[in-house]
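Here are some notes for a colleague who is looking through this entry. They take the contact between the chains before the domains.

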Amino acid sequence: MPPLAYHALVGFIVLNVVIGMVTYVTLLERKFAARMQSRIGPYYVGPRGLLQPIADALKLMLKEDIVPARADRFIYNLAPIAFLLPCILIFATLPFAPGLGVADLNIGVLFFLAVSSLEIVGLFMGGWGSNNKYALLSAMRAVNQIISYDLPFIFAALVPVLLAGSMQMSAIVTAQHGLWFVAYPVIGQLAFVAFLVATLAAENRVPFDILEAESELVAGFRVEYSGMKFALIQLGEYAHMLGTSFLGALLFLGGWLGPGPAWLGPVWFLLKAVLIFLVVTWVRWSFVRIRVDQILGISWKLLLPATLILLMATGFVVALRGAGGA
Amino acid sequence: MADTLARSTVEIGYGGSERLTMNMGPQHPSAHGVFRAILTLEGETVVAIDAVIGYLHRCHEKLAETLTYVQYPTIASKTDYVSAMTAELAYVAAVELVGKIDVPRRAQYLRVICAELQRIASHCLWLGTWCMDMGGALGGGATIFLYAIRERELILDLFETLTGARLLYGFHQVGGTRYDIPAGWAQQCRETLAVITQRLGEYEAMLEANAFFLVRTQGVGVISRDLAEHVGVAGPLLRGSGVAYDLRTAAPYSSYEDFGVRVPVESAGDCFARYRVRMAEFRESIRLVHAALDGLPEGPISSRPGVKSVGQVRIPKGEGYSRVEGARGEVGCYLVADGGPKPYRLKWRGASFSNLAVLPHIIPGHKVADVVAIMGSVDPVFGEVDR
């Protein structure tokens, strides 16, 4: 098989697996939230509500597609795709097991971080193109917030990169044989916490979900979207969340490393990612949203300096370790 | 004083930054019904708010003129549908005042029990919706909302056992109450209150140890004591601004003087102070219900015989104003009777209406996100604002 065809095939499989997983992650979140709120959650569609995501997707596909009369049609229609694309693309560099992935780039982490920041373009296009004041305010907030939180997010993600001495995802996992980076004394835990907080903000989850902020801005940048376009945005959001959870599991929790035979690797990886996803969900359903100025304050005054210092400290540790001949 | 203050805020000159006029409501997730706030924004900061009401006007006062004294109590509850017992009580109290009708002590105690249970139910809904305003229907706010609604349901179950209805009760009638408590109800009530007392502690632990909740509420929407007295806010807003005024002690009605109501007061005047006042009122209401159940006298529940037709109750010519402390503050009913079976004229004083008047004074200068937090802390019910 020619390499191009092979990559296309793998890409196709990963894409479909990712979309399937994203759909079911929504069900997981709804069930989890329901338990927190002493409810049952989706129950009627299929056995124990297991077909609910399918029903949701079908419903959204059948909905009427409404374009606001005074919207900027080109930008408005392009936005969901511009938003979804980077969110799906981040899975390209994620290896799910040694050699099992679309492309294990030697700059994998850089690629992931760069591409995941691109979602802001789609967000802003949606907010601007809708020609709606709520959406516009939300887009403004989005730019503010994502610029503020991408920096600490990147710095926190760079800590494992420094520790492993490589930007290649598989090399980072290999470097965690014996000691996951989350267990690395002090640095590992701090970086992991900073990563989680920045993740919440980068994914626009409560307490940092001021872009959506439905009690103020109704639904934020996607207030005018309906039907399939809304579904695409929703899909992108959850894909981004899942992708970031996978990245967290890979950078800090040892990726596919775990007891048992090698073929259990992807299972371990998935379990770890779902664990991170559930932590994020847990936070989401327990906190109130904070204000835009407070969010920026946390980022610039606390998280950014903290992650910078952490990164420098990691540099020192690595340099000392190198000098010690380890 | 406060008027000029508000006006000066509205008339801030063009500061070089673009302004945006944004409608919040009348159809909006946190409009608490049909409130329409026209916000003028500079970036995220609100520089002026124009409050528009009237979307839920149902000619309630005119309706009262067309219904007899027997019929209207059930309809009166629709002014403030979140705490329906309050308006019923205010109406029958006005009729009894004008008609000089005595109310048996047992009925007075039953009215106290229902009024306090209603206060608990109403505050439950307030806590839930307010947290949802701040925390989002897809976030922590929804969690608190569902918890609070769960407790409100317990109270509604009690009302259902008592009156057969869960929202609009028709419990009060001129001269007493329509229903007596059924067997076992007192025990059910005490058990419910024990559950709620325990859960209140859980909420306080959950919210007050939460840094995000504190930064969203402390120092936000401060109503100074002067402003509160000047605008004439009532209820928890007034007590949150350091004024210890509660009609249950200031002008006791329906035997409230028997219970020694303790009035919670906070001095800070911000959203958090109003939250603290309402949480203390929860506990005080629970204590009052227990006390009223303990001291419930025997005897009739109504001072007048049952009627065969709705026109049989006639009130002699006269006029009078009754006022009761509802969950949102002073609810008043001014009644003019002309000797017939229907009032000649009726005027409601809604607590939500006068509380809402404080918004233009406190909102300018805050961020958009604070608008919903402040509005939630004012706890308006639009059935009562527009009537």
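1. In this predicted model, the contact between the two chains involves 24 residues of chain A and 31 residues of chain B. On the side of chain A that touches chain B, helix 9 (214-217) and helix 12 (292-323) of chain A each contribute at least two residues. Sorted by class, that side of chain A comprises 10 nonpolar, five polar and nine charged residues.

2. Within chain B, the domain assignment distinguishes domain 1 (2-52) from domain 2 (60-376). Taken over C-alpha atoms, the centres of domain 1 and domain 2 of chain B are separated by 30 Å, and the contact draws on 18 residues from domain 1 and 20 residues from domain 2.

3. On the side of domain 1 of chain B that touches domain 2 of chain B, the elements giving two or more residues are helix 1 (2-10), strand 2 (36-42) and strand 3 (45-52) of chain B, and strand 3 provides the largest share with six residues. The residues of this side of domain 1 are 13 nonpolar, four polar and one charged.

4. Strand 2 and strand 3 of chain B, which both appear on that side of domain 1, run antiparallel and are joined by seven bridges. One of the residues to look at here is B:Arg36, whose bridge partner in strand 3 of chain B is B:Val52. The hairpin formed by strand 2 and strand 3 of chain B has two residues between the strands, and B:Gly43 adopts a positive phi near 65° in this hairpin.

Terms used
Residues are numbered from 1 along each chain as its sequence is written. Chains are lettered from A and ligands numbered from 1 in the order in which they are written. This is a predicted model: local features need pLDDT of at least 70, side-chain atom pairs count only at pLDDT 80 or more; totals for chains, interfaces and linings use all residues. Domain bounds come from an automatic or database domain assignment. Two residues are in contact if their C-beta atoms, placed from the backbone, lie within 7 Å. Helices (H or I, at least four residues) and strands (E, at least two) are DSSP runs, numbered from the N terminus. Ala, Val, Leu, Ile, Met, Phe, Trp, Tyr, Cys and Pro count as nonpolar, Asp, Glu, Lys and Arg as charged, and the others, Gly among them, as polar. Two strands pair if DSSP finds at least two bridges between them.
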